[in-house]
Amino acid sequence: MAYVSGRTYLAIPGPSVAPDRVLSAMHRAAPNIYEGEIVEMTHGIIADLKRVAVTTQHVAIYIANGHGAWEAANANMFSRGDRALLAATGRFGHGWSEHARRMGIDVEMIDFGKNAPVDPARVAEALQADTNHTIRAVLMTHVDTASTARSDIAAVRAAIDSTGHPALLAVDAVASLACDELHMDEWGIDVVVGASQKGLMLPPGLGFLWFSDKALEVSRTADLVSPYWDWKPRGTGTEFWQFFGGTAPTHHLYGLRESLTMLLDEEGLPNVWRRHETLASAVWAAFDAWSTTGNIALNMTDPAARGRSVTAARIANGGAGSLRKWLETEAGVTLGIGLGMALPTDPAYADFLRVAHMGHVNAHMTLGVLATMEAGLQALDIPHGSGALEAAAWAIARGAASKP
Ligand SMILES: *Cc1c(COP(=O)(O)O)cnc(C)c1O
């Protein structure tokens with residue numbers, strides 16, 4: 001007997017759950033793109049996008065996914081043969097570096113492995129060794145969606161500044177934006193990379209780059225840029241079509257208007273961050289209890305170095321794979337696969353999973369996933385400690401009681 005009838009829940013780290021209000025806002029006739037509502041509305045969207053990254057500088061919108069936004073970031077910052085320093089903390093830094101290499105950028109990689117954040121001291125060392133200042137930018141991921149490692153961006157900025165090196169700091173915040181606290185201007189970030197289908201709660205289809213005045217200056221002489229990816233007309237142009245390099249992504253803009261209103265004006269960004277913090281703490285509390293028996297472990301041991309939007313874990317002997325399958329076929333919940341931890345051909349591949357708690361997620365959704373996982377662990381006879389659900393409930397109760 002399966003229990004899948006009812007509303008299913010996709011708990012993977014993107015695409016995240018799109019609110020019904022966002023989907024309804026998109027369900028409409030195409031607008032006139034030459035004048036009227038959508039032209040007016042876009043000015044407000046651009047202003048609000050800056051509020052999401054907490055910046056007063058620039059933002060460019062692309063009809064693309066996160067990979068497209070990576071390519072756009074590379075194209076605007078670099079000239080062929082320029083050097084980049086990439087600090088990798090899981091899978092996504094490697095992806096970004098492969099894009100950069102194929103574009104002719106000389107990438108030096110510091111690989112922090114699969115369960116550690118960026119060590120700012122190592123970034124400083126690499127920059128100190130670059131006495132001729134040939135490294136144009138430091139690239140890093142805020143939250144790596146595979147390892148779920150979270151790095152301290154402000155500390156990396158301070159490390160860069162301590163060396164007197166002029167490198168830009170570019171941050172992939174696709175998995176953290178509008179989930180995990182991020183202050184572009186205060187933390188001295190030059191480029192923030194984002195996409196629509198995670199914390200922004202939209203379907204995939206939009207990529208974003210927020211960029212600083214300093215990055216804009218660098219881009220004026222970067223020779224990798226091609227017309228479509230150029231952030232100058234998108235971020236500093238005046239005509240409506242320039243913002244999109246052609247026809248506007250009309251329906252995504254209606255959805256984005258709705259999600260920005262929900263995040264910024266109704267809930268408020270500090271509350272969005274706190275909600276993710278609390279929901280993440282509930283997931284971790286459950287895993288802490290489960291992992292007292294058997295062979296279950298969170299990938300990131302230090303809570304300070306864990307992303308607040310997604311949690312990677314290991315359940316040995318193929319337990320993660322069987323649990324994922326049980327949840328999907330018996331209970332209507334889809335968990336994330338373990339990404340980049342083992343090759344799909346390696347039996348250890350079935351030992352990893354990820355639980356997303358990203359975007360349009362509340363206490364009952366998160367407690368529901370955890371309770372369903374508990375049922376799966378029991379049904380499958382996977383050894384696990386007790387008290388996980390009680391611990392998760394306490395984490396929610398503590399979060400609800402704490403003052404903003
Ligand atoms: C999802 C994600 C990406 C890639 O985004 P796509 O839209 O799948 O191209 C890049 N970086 C991080 C950190 C992500 O979580």
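I looked first at the start of helix H12 (helices being DSSP runs of H or I with at least four residues, strands runs of E with at least two, both numbered from the N terminus), where a side-chain oxygen of asparagine 362 comes to within 3.3 Å of the backbone nitrogen of histidine 364. I am working on a predicted model, in which local features need pLDDT of at least 70 and side-chain atom pairs count only at pLDDT 80 or more, while totals for chains, interfaces and linings use all residues. Residues are numbered from 1 along each chain as its sequence is written, and side-chain values use heavy atoms, with hydrogens and water left out.

I then followed H12 along residues 363-379 and noted that its 17 residues reach 24 Å from first C-alpha to last, close to the 24 Å expected at 1.5 Å a residue, the expected span being 1.5 Å times one less than the number of residues. Among its buried residues I listed Met365, Val369, Met373 and Leu377, buried meaning under 20% relative accessible area with a 1.4 Å probe and protein chains only. After H12 I found aspartate 381 with a positive phi, near 60°.

I turned next to the open sheet of 5 strands, whose order is S1-S11-S12-S10-S9 with mixed pairing, where two strands pair if DSSP finds at least two bridges between them. Its edge strands are S1 (9-11) and S9 (296-298), each pairing on one side only. Within the sheet I checked S10 (residues 310-315) and S12 (residues 352-356), which run antiparallel and are joined by 5 bridges, and I noted that threonine 311 has valine 355 in S12 as its bridge partner.

How values were computed
Buried < 20%, exposed > 50% of the residue type's maximum accessible area, 1.4 Å probe, protein only. Polar contact = N/O pair within 3.5 Å; in protein donor to acceptor, adjacent residues only side chain to side chain.
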